[in-house]
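Q: Please take me on a close look at one hairpin in this model and at what surrounds it. I'd like the pairing, the side-chain contacts and the burial in one connected story, with the cut-offs spelled out as you go.

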Amino acid sequence: VQLQAYGGGLVQPGGSLRLSCAASGSIFSINVMGWFRQAPGKQRELVAVISSGGGAYYADSVKGRFTISRDNAKNTVFLQMNSLKPEDTAVYYCNAVQNLVVYWGQGTQVTVSS
């Protein structure tokens, strides 16, 4: 499984960004897709995950601001990020779980700054 993430960039506080991540290769039976992030000097942390059935889980720090969604037909997961804060600045990574194996995409930088 290969994952390609898109959509990072520079945005002002209070702004919005939408990240996309497309899976390709042997993509049958991908169960969970999600987003993690890693800020400088910090450990990678979960942002949001979504199951193939649409059930979602969010980190407390992004609840009410971020929305994860998934297009199973296109094997793509999205992260709509609203009301962005400087503390959301990080490299965002998408991942996918297939038959208990975790795959990671390359990161995409999100910078929230005025």
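A: Let's start at the turn: β9 and β10 form a hairpin with 2 residues between them, and N99 in that turn has a positive phi of about 50 degrees. The two strands run antiparallel and are joined by 4 bridges; for strands to count as paired, DSSP must find at least two bridges between them. The strands themselves, like helices, are DSSP runs numbered from the N terminus, with at least two residues (E) for a strand and at least four (H or I) for a helix. Keep in mind that this is a predicted model, so local features need pLDDT of at least 70 and side-chain atom pairs count only at pLDDT 80 or more, while totals for chains, interfaces and linings use all residues. Residues are numbered from 1 along each chain as its sequence is written, and side-chain values use heavy atoms, leaving out hydrogens and water.

Across the hairpin, N95 has W104 of β10 as its bridge partner. W104 is also a good place to look at ring packing. Rings of Phe, Tyr and Trp (its six-membered ring) pair if their centres lie within 6.5 Å, and planes under 30 degrees apart are stacked, over 60 edge-to-face and the rest tilted. By this rule there is 1 aromatic pair. It joins F36 and W104, whose ring centres are 5.1 Å apart with planes at 75 degrees, so the pair is edge-to-face. Because F36 belongs to strand β4 (residues 30-38) and W104 to strand β10 (residues 101-104), the pair ties together parts 68 residues apart in sequence. F36 is buried at 17% relative accessibility, whereas W104 is partly exposed at 39%; buried means under 20% relative accessible area, exposed over 50% and partly exposed in between (1.4 Å probe, protein chains only).

Now step over to the other strand of the hairpin. C94 in strand β9 is linked to C21 in strand β3 by a disulfide, with the sulfur atoms 2.0 Å apart. A disulfide here is a pair of cysteine sulfur atoms within 2.5 Å, and the count comes to 1. The torsion about the S-S bond of C21 and C94 is about 50 degrees, so this disulfide is right-handed. The two cysteines are 73 residues apart, and both are buried.

C21 also leads to N75, in the loop between β7 and β8. Leaving aside neighbours within four places in sequence, N75 is in contact (heavy atoms within 4.5 Å) with C21, A22, A23, I27 and M33. N75 is buried, at 17% relative accessibility.

Finally, what does the interior look like around here? The largest nonpolar core has 30 residues, and W35, L79, M81 and Y92 touch the most other members. Such a core is a set of buried Ala, Val, Leu, Ile, Met, Phe, Trp, Tyr and Cys residues joined through side-chain atoms within 4.5 Å. Among the elements that give two or more residues to this core are β3, β4, β8 (76-81) and β9 (90-98). Beyond its neighbours within four places in sequence, Y92 contacts a list of residues including W35, F36, L79, M81 and V110.
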